[in-house]
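User: Please take a close look at a single packing contact in the model below, and then work outward from there in one connected account. I would like the cut-offs behind each term to be stated along the way.

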Amino acid sequence: MKTSCLRFLHAIFMVVVFFSLLTGCASSKLYKEAKTSNDINTYKSYLAKYPDGKYSEQALVELESLYEERDWKESITLSTIPVYEAFIARYPSGKHSTEARQKLAELQEHKAWNEALKSNTIDGYDNFEKDFPSSSHVPEAIAKIKQIREDKAWNDAIKTGTIPAYESFLNAYP
């Protein structure tokens with residue numbers, strides 16, 4: 001009786017070992033398939049079936065990398081301020097974070113310049129110059145401020161309509 005009990009336990013043990021090996025092989029096979037395909041859904045399938053598997057930590061890292069690449073391509077395609085801000089918020093130190101910050105800064109500068117042009121005021125150009133002091137548009141902003149001041153001075157001279165007003169204008173703007 002004791003021998004048959006031992007044989008039975010041994011048989012159960014062997015079945016457990018067999019299924020463990022089988023599961024381990026399946027886990028490795030699916031992970032290798034995910035790695036080869038480099039596909040988000042394959043990694044998700046692996047992690048769904050083997051959340052605590054031998055390769056689960058590495059699969060999570062690789063899946064996050066795939067998500068970042070997918071989101072980066074979408075960011076480049078859409079190329080808007082909110083999209084780049086969201087990308088940077090999700091991947092603040094990711095592979096493309098520096099480039100995302102550069103593109104965001106370019107878009108913000110472009111937007112601010114268009115707003116300055118639209119307002120066409122001294123304050124608008126001054127604010128642009130203060131916010132983007134190294135912009136290639138700064139010389140143009142300075143020229144526009146000068147032109148606005150000169151136009152105002154000319155209109156004031158015309159409004160006054162006196163020789164001293166015209167002389168004052170000519171002295172200020174030879």
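Analyst: In this predicted model, helix 6 (residues 122-131) and helix 7 (residues 138-160) pack with their axes 9 Å apart and at an angle of about 155°. Helices here are DSSP runs of H or I with at least four residues, strands are runs of E with at least two, and both are numbered from the N terminus. The axes are lines fitted to C-alpha atoms, for helices over the stretch in contact, and the angle runs from 0 to 180 degrees between N-to-C directions. Helix 6 and helix 7 are therefore roughly antiparallel, a label for angles over 145 degrees, with those under 35 called roughly parallel, those from 65 to 115 roughly perpendicular, and the rest oblique. The crossing of helix 6 and helix 7 is left-handed, a term that applies if the near helix is turned anticlockwise from the far one by less than a right angle, whereas a clockwise turn would be right-handed.

On the helix 6 side the contact is made by I122, Y125, D126, F128 and E129, and these meet V138, A141, I142, K144, I145, I148 and R149 of helix 7, where contact means heavy atoms within 4.5 Å. By class, eight residues of the contact of helix 6 with helix 7 are nonpolar and four are charged, with no polar residue; Ala, Val, Leu, Ile, Met, Phe, Trp, Tyr, Cys and Pro count as nonpolar, Asp, Glu, Lys and Arg as charged, and the others, Gly among them, as polar. As for the conventions, residues are numbered from 1 along each chain as its sequence is written, and side-chain values use heavy atoms, with hydrogens and water left out. Because the model is predicted, local features need pLDDT of at least 70 and side-chain atom pairs count only at pLDDT 80 or more, while totals for chains, interfaces and linings use all residues.

Within this contact, A141 of helix 7 deserves a closer look. A141 counts as buried because its relative accessibility is 0%; buried means under 20% relative accessible area, exposed over 50%, and partly exposed in between, with a 1.4 Å probe and protein chains only. Leaving aside residues up to four places away in sequence, A141 touches W113, Y125 and F128. The C-alpha atoms of A141 and Y125 are separated by 5.4 Å, although these residues lie 16 places apart along the chain.

A second helix pair can be described in the same terms. Helix 3 and helix 4 cross at roughly 165°, and their axes come within 9 Å, which makes helix 3 roughly antiparallel to helix 4. Helix 3 passes helix 4 in a left-handed crossing. The helix 3 residues E64, Y67, E68, R70, D71, W72, S75, I76 and L78 meet V83, Y84, F87 and R90 of helix 4, and the residues of this contact divide into seven nonpolar, one polar and five charged. Between helix 3 and helix 4 (81-90), the loop holds S79, which is not a glycine yet has a positive phi near 45°. With a relative accessible area of 33%, S79 is partly exposed. N38, in the loop between helix 1 and helix 2, likewise has a positive phi, of about 55°, without being a glycine, and N38 counts as partly exposed at 47% relative accessibility.

Aromatic rings mark a further part of the model. The structure holds twelve aromatic pairs, counted if the ring centres of Phe, Tyr or Trp (its six-membered ring) lie within 6.5 Å, with planes under 30 degrees apart called stacked, over 60 edge-to-face and the rest tilted. Among them, Y31 and Y55 form a stacked pair, 4.4 Å from centre to centre and with 5° between the planes. This pair links distant parts of the chain, since Y31 belongs to helix 1 (residues 2-37) and Y55, 24 residues apart from it, to the loop between helix 2 (40-49) and helix 3 (56-78). Y31 counts as buried at 7% relative accessibility, whereas Y55, at 21%, counts as partly exposed. Ring pairs join Y31, Y46, Y50 and Y55 into a cluster. S27, found in helix 1, touches Y46, Y50 and Y55, again not counting residues up to four places away in sequence, and S27 is buried, with a relative accessible area of 6%.

For the whole protein, there are eight helices and zero strands, and 26% of the 174 residues are buried.
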